[in-house]
Structure formats: structure tokens, C-alpha cells
Amino acid sequence: MNPPGGRYALCLQEVRLLAPNDPRHENPLLTGNNIAPAARLVTSPTLMWSDSMHLVDGIVGLASGGPPQDWLTTCDIDSGTVRLTWTEPQRVDRIWLFPPGQPVSPITDAMLIFSDGSMIPTGPIPNDPKQGLQIDFMPRLIEWLVLLITRSSPPNPFSTAGLSELAVFAAK
Ligand SMILES: [Ca+2]
């Protein structure tokens, strides 16, 4: 037992059992509306203990009992990029950005650049993997988009930034 003599306790206040026909709460990052996993993914260089595919694996922060499911770039904290390209034009109107589940430089500003020539500044991405940032915009037809990290602060010992998840939603 750690610390010596210490005790652990678990309190369970409610359990809800689902009937076979009860609606299940699906992971919105893995539903058909999130088209990011279907895109070709190209990023700036990736730190060896992270993986660009973690950007679109539907897992925010830590996998249960596993390592962080993040993408971290080796670029300076103001120059990392992610590019998503689809084989067909996509009509989109919403993006979610989630910060890494491990301590890195929080992104304080980034730019979304779309293939139709438009751009949207993201502003700060909350430094809480459970929160994330939702960006809504008028529907636009695009073939690709780029997320350009323009500022992260304060620098951490590794001078790196990244994301746990990037989701792009098809307009309904
Ligand atoms: Ca992830």
C-alpha cells in the first residue's frame, strides 16, 4: 500500500443498466459526421513518442490504462501544421480541437486555412483535454484544410505543441 498505512476507497453512487433497445451514447468523434478520419493526413515532423494518427483515433487524452493518444510536433511552438485532404469535395461547418493529454505548450493561437481560400483564426485552445474548442462557421465546400499553429505559450522543456484530436464535421 502506498503510502505505507494508507487506504484506498471507492464510492459508487449510481449504476444504470441499459435494456437491449435503449439508445447508446456513441462517441461523436467516431460517427459518420466526423470526416477527419477519412482524410489523408500530413503533419509537420512528429515526436517519436506520439503519432499523427492519434489526431483522428477518436480518443481524447489518455486511453484507458494506456499512453496518451496525442500528436506532438518537433517543430517550434509556432510552426506546427496538420493538413487533411479528401478525395472528394466536402461540405463542412464545424471543427473540434482538443489539446494533448500530456503537459506541452498550450496552443494560444492557430489558423485554419481552407482550400476555398478562406481562413479562420482559432484563438486559444483550452488547456483541458476534457473541454476542447468548437469552431462553427458557415458551410463551405473544401477539398483540404490546414491547421497552422501560430503561437503556443509558455514554452515547455521540450518546446513542442500538438493536439489530442482534430475533428471536422460534415454540414447537415
Ligand atoms: Ca487522439
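Is Ser-152 buried or exposed? Select Ser-152 in your viewer and keep that question in mind while you look around. The model you have open is a predicted one.

**Stop one: Ser-152**

Ser-152 is buried, because 25 other C-beta atoms lie within 10 Å, and a residue needs 20 or more to count as buried. Colour strand S6, which covers residues 133-152, and you will find Ser-152 in that strand.

Now show what surrounds Ser-152. Setting aside residues up to four places away in sequence, Ser-152 touches Ile-77 and Asp-78, then Ser-105, Pro-106, Ile-107 and Thr-108, and also Ala-161. Try a distance label on one of these partners: the C-alpha atoms of Ser-152 and Asp-78 are 6.1 Å apart in space, although the two residues are 74 apart in sequence.

**Stop two: Asp-109**

From Ser-152, go next to Asp-109. The two C-alpha atoms are separated by 6.8 Å, with these positions 43 residues apart along the chain. Asp-109 belongs to strand S4, residues 107-114.

How does Asp-109 count in terms of exposure? Asp-109 is partly exposed, because it has 16 C-beta neighbours inside 10 Å. Highlight its contacts beyond four places in sequence: Pro-121, Thr-122, Gly-123 and Pro-124 make up one run, and Thr-150 and Arg-151 complete the list.

**Stop three: the whole chain**

Zoom out and switch to a cartoon view. You will see eight strands and zero helices, so to speak a β-β-β-β-β-β-β-β order from the N terminus on. Of the 172 residues in the chain, 29% are buried. If you draw a contact map, take the contacts between residues at least 6 apart in sequence: 80% of them join residues at least 24 apart.

**Stop four: the largest nonpolar core**

Some background before the next selection: in soluble globular proteins, nonpolar side chains tend to be buried together.

Select Ala-36, Leu-166 and Val-168. Within the largest nonpolar core, which has 29 residues, these three touch the most other members. Then colour the elements that give two or more residues to this core: strand S2 (71-72), strand S3 (81-98), S4, S6 and strand S8 (165-170). Which strand gives the most? That is S3, with six residues.

Finish on Ala-36. Leaving out residues up to four places away in sequence, Ala-36 touches Val-56, Leu-84, Leu-166, Ala-167 and Val-168.

Technical notes: Residues are numbered from 1 along each chain as its sequence is written. This is a predicted model: local features need pLDDT of at least 70, side-chain atom pairs count only at pLDDT 80 or more; totals for chains, interfaces and linings use all residues. Helices (H or I, at least four residues) and strands (E, at least two) are DSSP runs, numbered from the N terminus. A residue is buried if 20 or more other C-beta atoms lie within 10 Å of its own, exposed if 12 or fewer, and partly exposed in between; C-beta atoms are placed from the backbone. Two residues are in contact if their C-beta atoms, placed from the backbone, lie within 7 Å. A nonpolar core is a set of buried Ala, Val, Leu, Ile, Met, Phe, Trp, Tyr and Cys residues joined through C-beta atoms within 7 Å.
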